[in-house]
Amino acid sequence: MNLRNIAIIAHVDHGKTTLVDKLLQQSGTYRENQKVAERAMDSNDLERERGITILAKCTSVHWEDTQINIVDTPGHADFGGEVERILSMVDGVIVLVDAAEGPMPQTKFVVSKALKLGLKPIVAINKVDRPDARISEVVNEVFDLFAALDATDEQLDFPILYGSGKNGWMANSPDASHDVGMKPLFELVLKHVAPPVVQEGPFRLLGTIIEANPYLGRIITGRIASGSVKPNQAVKVLSREGKLIESGRITKILAFRGLERQPVEFAEAGDIVAIAGLTKGTVADTFCDPAVEEPLQAQPIDPPTVSMT
Ligand code: GDP
């Protein structure tokens with residue numbers, strides 16, 4: 001399966017939800033997904049009631065034969081270490097900026113983490129339909145922000161999309177015909193963002209997001225660094241220092257499909273999935289095949305240092 005893992009970084013109200021909605025619609029994921037959801041409802045109300053198909057923190061859309069996982073990032077610095085871990089799952093970011101408001105200081109922290117992790121940003125100037133849009137000024141502000149955050153020359157050479165999420169288009173020029181839809185965005189993601197790097201070896205996943213589910217218990221979301229995983233597979237959990245935390249079995253694997261997540265029978269390296277069945281393992285721990293000795297290296301977690309002014 002062809003994969004891309006990305007995050008969208010946006011200040012609140014700059015249009016992330018609307019954009020993702022249009023991406024889902026235009027990629028056909030909604031239609032497919034609704035069919036799946038209806039079938040699931042007919043045949044297995046119980047599964048749904050058990051909370052297996054619940055709204056996810058990640059979304060996936062399909063373009064041609066590629067699955068694009070879109071990870072949600074916390075908006076600002078209150079989530080110091082979490083931002084870093086979440087960004088460690090992706091290979092590219094879209095920095096979405098309102099064409100009138102320009103980049104906001106609250107997103108500076110997340111942008112700085114993305115740049116420090118070496119991610120090559122795509123800049124999307126959104127809401128170009130606003131009468132008060134100041135498109136070229138805002139592009140310059142984004143450039144200045146990246147430069148102030150010590151972006152590399154490669155990162156400063158960012159591709160730019162312009163468009164209106166609300167009107168369903170994103171293109172390489174602000175004057176493009178709206179008929180292009182989101183195709184230019186999909187194509188740019190496929191071209192500019194590298195496929196996930198996967199390592200050799202048995203199943204390993206770095207715990208990245210933890211949540212409690214009333215039916216499934218503890219759910220851990222992360223990117224599969226190597227190998228593959230199936231339900232009922234034996235796994236163990238290693239701490240960052242390599243200490244054994246627990247051994248057990250995977251009871252459920254949830255993959256992201258559109259806005260929902262659905263149980264799957266198999267997932268492989270590169271994909272971002274949620275697993276259930278372990279009770280002690282947590283974020284920054286390595287969930288892995290019992291044969292694995294070395295934990296995955298979590299990104300160093302340091303407190304927010306960027307000034308918010
Ligand atoms: P989020 O907080 O980043 O998820 O932003 P939303 O997607 O909820 O959008 C915030 C507001 O901006 C809503 O009122 C949207 O209707 C509006 N909005 C989103 N995209 C556009 C756009 O392309 N043009 C204009 N003019 N408004 C937009």
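Colleague: Over which residues, among them those with contacts beyond four places in sequence, does pLDDT stay under 50?

Modeller: This is a predicted model, and the mean pLDDT of the protein chain is 87, with 84% of its residues reaching 70 or more. Where pLDDT is low, the predicted coordinates should not be read in detail. One stretch under 50 is residues 301-309, which has 18 contacts beyond four places in sequence in the model. Another, with 33 such contacts, is residues 35-56.

Colleague: What ipTM and pTM does the predictor give the complex?

Modeller: Beside the mean pLDDT of 87 for the protein chain, the predictor also scores the complex. Its values are an ipTM of 0.99 and a pTM of 0.88.

Colleague: Is Thr286 buried or exposed?

Modeller: Thr286 is found in strand β17, which covers residues 286-288, and, leaving aside neighbours within four places in sequence, its contacts include Arg204, Leu205, Leu206, Lys236, Val237 and Leu238. Because its relative accessibility is 0%, below the 20% cut-off, Thr286 counts as buried.

Colleague: Which residue offers the backbone nitrogen that the side chain of Thr286 reaches?

Modeller: Pro295 and Leu296 are both among the residues in contact with Thr286. The side chain of Thr286 comes to 2.8 Å from a backbone nitrogen, and that nitrogen belongs to Leu296.

Colleague: Which side chain of opposite charge is nearest to Lys236?

Modeller: Lys236 is found in strand β12, residues 234-238, and is buried yet has no salt bridge. A salt bridge would need a carboxyl oxygen within 4 Å, whereas the nearest side chain of opposite charge is 5.2 Å away. That side chain is Glu293.

Colleague: Which backbone oxygen lies 2.6 Å from a polar atom of the side chain of Lys236?

Modeller: Beyond four places in sequence, Lys236 touches a set of residues including Thr286, Phe287, Cys288, Asp289, Pro290 and Val292. The backbone oxygen of Pro290 lies 3.0 Å from a polar atom of the Lys236 side chain. The backbone oxygen at 2.6 Å is that of Val292.

Colleague: How many residues apart are Asp72 and Lys16, which form a salt bridge?

Modeller: The closest N and O atoms of Asp72 and Lys16 are 2.9 Å apart. Asp72 sits in strand β3 (residues 66-72) and Lys16 in helix α1 (residues 16-26), and the pair links distant parts of the chain, with a separation of 56 residues.

Colleague: Which residues are linked with Arg130 in a network of salt bridges?

Modeller: The side chains of Arg130 and Asp98 meet at 3.0 Å, N to O; Arg130 lies in the loop between β5 and α6 and Asp98 in strand β4, so the pair ties together parts that are 32 residues apart in sequence. Arg130 also meets Asp132 in a salt bridge at 2.9 Å. With relative accessibilities of 26% for Arg130 and 41% for Asp132, both of these residues count as partly exposed, whereas Asp98, at 0%, counts as buried. The residues linked with Arg130 in the network are Asp98, Lys127 and Asp132.

Colleague: How many salt bridges does a search of the whole structure find?

Modeller: Among the salt bridges are the pair of Asp72 with Lys16 and the pair of Arg130 with Asp98. A search of the whole structure finds 9.

Colleague: How many of the residues of strand β10 are buried?

Modeller: Strand β10, residues 217-226, runs antiparallel to strand β8, to which 2 bridges join it, and to strand β9, to which 5 bridges join it. It also pairs in the antiparallel sense with strand β16 over 5 bridges. The strand is mostly covered, and of its 10 residues the buried number is 8.

Colleague: What is the bridge partner of Ile220 in β16?

Modeller: A hairpin joins β9 to β10 through 3 residues, and there Ala212 has Arg218 as its bridge partner in β10. Leu205 is likewise matched in β10, with Ile224. For Ile220, the partner in β16 is Ile275.

Colleague: Which residue just after α5 takes a positive phi?

Modeller: Helix α5, residues 108-116, is mostly covered, with 8 of its 9 residues buried, including Phe109, Val110, Val111 and Leu115. Just after this helix, a positive phi of about 85° is taken by Gly118.

Notes:
Residues numbered from 1 in each chain as written. Predicted model: local features only at pLDDT ≥ 70, side-chain atom pairs only at ≥ 80, totals over all residues. Heavy atoms only, no water. Helix = DSSP H or I, 4+ residues; strand = E, 2+ residues; numbered from the N terminus. Buried < 20%, exposed > 50% of the residue type's maximum accessible area, 1.4 Å probe, protein only. Polar contact = N/O pair within 3.5 Å; in protein donor to acceptor, adjacent residues only side chain to side chain. Contact = heavy atoms within 4.5 Å. Lys, Arg positive; Asp, Glu negative; His and termini not counted. pLDDT = per-residue confidence, 0-100. Pairing = 2+ DSSP bridges.
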